[in-house]
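Q: Please take a close look at the strand pairing in this model, and set out how the strands are arranged and which residues face each other across them.

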Amino acid sequence: MRKTYLITIFSLAFVTATQAQVSNDALVRVYGKILKAQDSTPVVGNILYEKLPYYDDMGMASAKEDGSFEIQLVQGETYNFSVTKGGFHKYTQEQKVTGNQEFNIYIEEDIIELRKLENLIFARGSDQISPSSYSELNELAIWLNQNSSIIIQLEGHTDFAGNPDANMRLSEARVIAVQEYLIDQKVKKSRIFTKAFGGSQPVTQERTDEAKALNRRVEVRVIRR
């Protein structure tokens with residue numbers, strides 16, 4: 001009977017010691033904000049945290065309207081933090097938790113760009129590219145070759161004077177000419193889409209020569225980074 005009593009006392013002591021060890025794993029407060037990298041405006045999103053290397057402590061924390069979040073984590077451990085949000089590049093970072101600490105997360109917005117080829121010149125009524133345009137097109141090709149994940153769409157526009165069908169054909173021929181030039185500069189064709197608008201999307205409705213020149217353009221739209 002006494003042996004049973006001693007075993008019971010030992011078992012209780014072991015459980016109590018184990019619980020004490022667990023409670024001695026100091027939890028500290030990690031707090032901060034999710035912010036847009038471009039301008040530090042707040043972002044509402046979810047943060048996945050995982051304790052390394054065994055992922056034996058993990059969970060999800062949500063940021064409030066002002067981007068702020070707060071998590072209780074084990075002091076002295078290293079965690080992997082990740083944020084996945086539509087319209088932004090995926091964020092992931094390892095961080096050692098040394099104590100109560102502020103930890104701001106900056107995520108980069110996936111900006112879809114649209115820009116005009118300012119120095120692109122064609123022969124009048126033609127899809128023949130002027131040699132004076134080569135420098136700008138070469139710069140575009142270099143940028144694309146240095147950023148191999150980017151996919152673009154070349155969008156061709158004419159002014160709205162004249163026959164709409166002829167304008168559509170001309171705008172299509174011009175964007176194809178630009179596409180072929182970029183392909184000659186080693187940019188893969190699968191990364192260059194084309195779209196023709198003719199004179200259906202003018203930037204100005206004026207009929208001066210200057211206005212017509214503004215409406216005749218090829219624009220580069222980044223459709224995927």
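A: Two strands pair if DSSP finds at least two bridges between them. Strands (E, at least two residues) are DSSP runs, numbered from the N terminus. The model is predicted: local features need pLDDT of at least 70, side-chain atom pairs count only at pLDDT 80 or more, and totals for chains, interfaces and linings use all residues. Residues are numbered from 1 along each chain as its sequence is written, and side-chain values use heavy atoms, with hydrogens and water left out.

One open sheet is formed by four strands in the order β9-β12-β10-β11, with mixed pairing. Its edges are β9 (114–116) and β11 (192–196); each has a single partner strand, so one side of each is left without a neighbour in the sheet. On average, neighbouring strands of this sheet are turned by 25° against each other, direction ignored; the axes are lines fitted to C-alpha atoms, and angles run from 0 to 180 degrees between N-to-C directions. β9 and β12 (residues 217–224) run antiparallel and are joined by three bridges. Leu114 stands opposite Arg221 in β12.

A further set of pairings involves β2. Strand β2 (residues 46–51) pairs with β3 (residues 58–62) in the antiparallel sense, over five bridges. Within this pair, Ile47 has Ala61 in β3 as its bridge partner. The hairpin of β2 and β3 has six residues between the strands, and Tyr55 in this hairpin takes a positive phi near 55°. β2 is also joined to β5 (residues 78–83) by four bridges, and these two strands run antiparallel. There, the bridge partner of Leu48 is Ser82 in β5.
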